[in-house]
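The following questions and answers introduce a protein model to a reader who has not met it before. Each answer sets out its reasoning and closes on what was asked.

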Amino acid sequence: MSGVLQRTEYLVFFDRTPAGRKTQIVNVVSKLHGDVLGEIRWYGRWRQYAFYPRADTIWNPQCLDEVTEFVRELMRARRA
């Protein structure tokens, strides 16, 4: 995994975008356990970033809010 993009109360967002790729790929990692919980990447059919959770992960509203806000930041940066 490449560099840390952001740390929140429960999550860490790591950039893992391959060189030459137009859109970012971001791993979402548990701050407590270090497990990769999913990734955020571009979904072309919707023309926006989307969250792809790993199977058998459980999400509470606060963690979902943190992911949602990070996706919104990616979209704001893309539009700028």
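Q: Is Phe-13 buried or exposed in this model?
A: The model is a predicted one, and Phe-13 is found in its strand β2. The cut-off for a buried residue is a relative accessible area under 20%. The relative accessibility of Phe-13 is 0%, so Phe-13 counts as buried.

Q: Which residues does Phe-13 touch, not counting residues up to four places away in sequence?
A: Some of these residues belong to helix α1: among the buried residues of α1 are Glu-66, Val-67 and Phe-70. Phe-13 touches each of these three. The full set is Gly-3, Val-4, Leu-5, Gln-6, Thr-8, Val-26, Asn-27, Val-28, Ile-40, Glu-66, Val-67 and Phe-70.

Q: How far apart in space are Phe-13 and Tyr-49, C-alpha to C-alpha?
A: Phe-13 and Tyr-49 both appear among the residues with the most contacts inside the largest nonpolar core. In sequence they are 36 residues apart. In space, the C-alpha to C-alpha distance is 14 Å.

Q: Which element gives the largest share of the largest nonpolar core?
A: This core has 15 residues, and Leu-11, Val-28, Ile-40 and Trp-59 are among those with the most contacts inside it. Two or more residues come from each of β2, β3, β4 and α1. The largest share is six residues, and the element that gives it is α1.

Q: Which residues is Ile-40 in contact with, leaving aside its neighbours within four places in sequence?
A: Ile-40 is one of the core residues with the most contacts inside the core. Its partners include Val-67, Phe-70, Val-71 and Leu-74, which are also among the buried residues of α1. In full, the partners are Phe-13, Gln-24, Ile-25, Val-26, Val-28, Tyr-49, Ala-50, Phe-51, Val-67, Phe-70, Val-71 and Leu-74.

Q: Against which strands do the buried residues of α1 pack?
A: Helix α1 covers residues 61-79 and reaches 27 Å from its first C-alpha to its last. Its buried residues are Cys-63, Glu-66, Val-67, Phe-70, Val-71, Leu-74 and Met-75. In an α-helix there are 3.6 residues a turn, so residues three or four places apart point the same way. The strands against which the buried residues of α1 pack are β1, β2, β3, β4 and β5.

Q: Which residue caps the N-terminal end of α1?
A: The cap involves a side-chain oxygen and the backbone nitrogen of Gln-62. These two atoms lie 3.1 Å apart. The residue that provides the side-chain oxygen is Asn-60.

Q: What is the relative accessibility of Arg-72?
A: Arg-72 has its place in helix α1. Its C-alpha is separated by 15 Å from that of Thr-8, which is 64 residues away along the chain. Arg-72 counts as partly exposed because its relative accessibility is 48%.

Q: Over the ring of which residue does the charged end of Arg-78 sit?
A: Arg-78 and Trp-42 are both contacts of Thr-23, a residue in the loop between β2 and β3. Thr-23 counts as buried because its relative accessibility is 9%. The charged end of Arg-78 lies 4.0 Å from the centre of a ring, and that ring belongs to Trp-42.

Q: What is the angle between the planes of Tyr-43 and Trp-46?
A: The structure holds four aromatic pairs, and Tyr-43 and Trp-46 form one that is edge-to-face. Tyr-43 is partly exposed at 23% relative accessibility, whereas Trp-46 is exposed at 57%. The ring centres are 4.7 Å apart, and the angle between the planes is 75°.

Q: Why is the pair of Phe-51 and Trp-59 edge-to-face?
A: A pair of aromatic rings is described by the distance of the centres and the angle of the planes. For Phe-51 and Trp-59 the centres are 5.0 Å apart. Planes over 60 degrees apart count as edge-to-face. The pair therefore takes this description from the angle of its planes, 80°.

Q: What is the phi of Asp-56?
A: Asp-56 has its place in the loop between β5 and α1, and counts as exposed at 82% relative accessibility. Most residues other than glycine have a negative phi. For Asp-56 the value is positive, near 65°.

Note on methods. Residues numbered from 1 in each chain as written. Predicted model: local features only at pLDDT ≥ 70, side-chain atom pairs only at ≥ 80, totals over all residues. Heavy atoms only, no water. Helix = DSSP H or I, 4+ residues; strand = E, 2+ residues; numbered from the N terminus. Expected span 1.5 Å × (residues − 1). Buried < 20%, exposed > 50% of the residue type's maximum accessible area, 1.4 Å probe, protein only. Contact = heavy atoms within 4.5 Å. Polar contact = N/O pair within 3.5 Å; in protein donor to acceptor, adjacent residues only side chain to side chain. Phe/Tyr/Trp six-rings, centres within 6.5 Å; stacked < 30°, edge-to-face > 60°. Lys NZ or Arg CZ within 6 Å of the ring centre and 35° of its normal. Core = buried A, V, L, I, M, F, W, Y, C linked by side-chain atoms within 4.5 Å.
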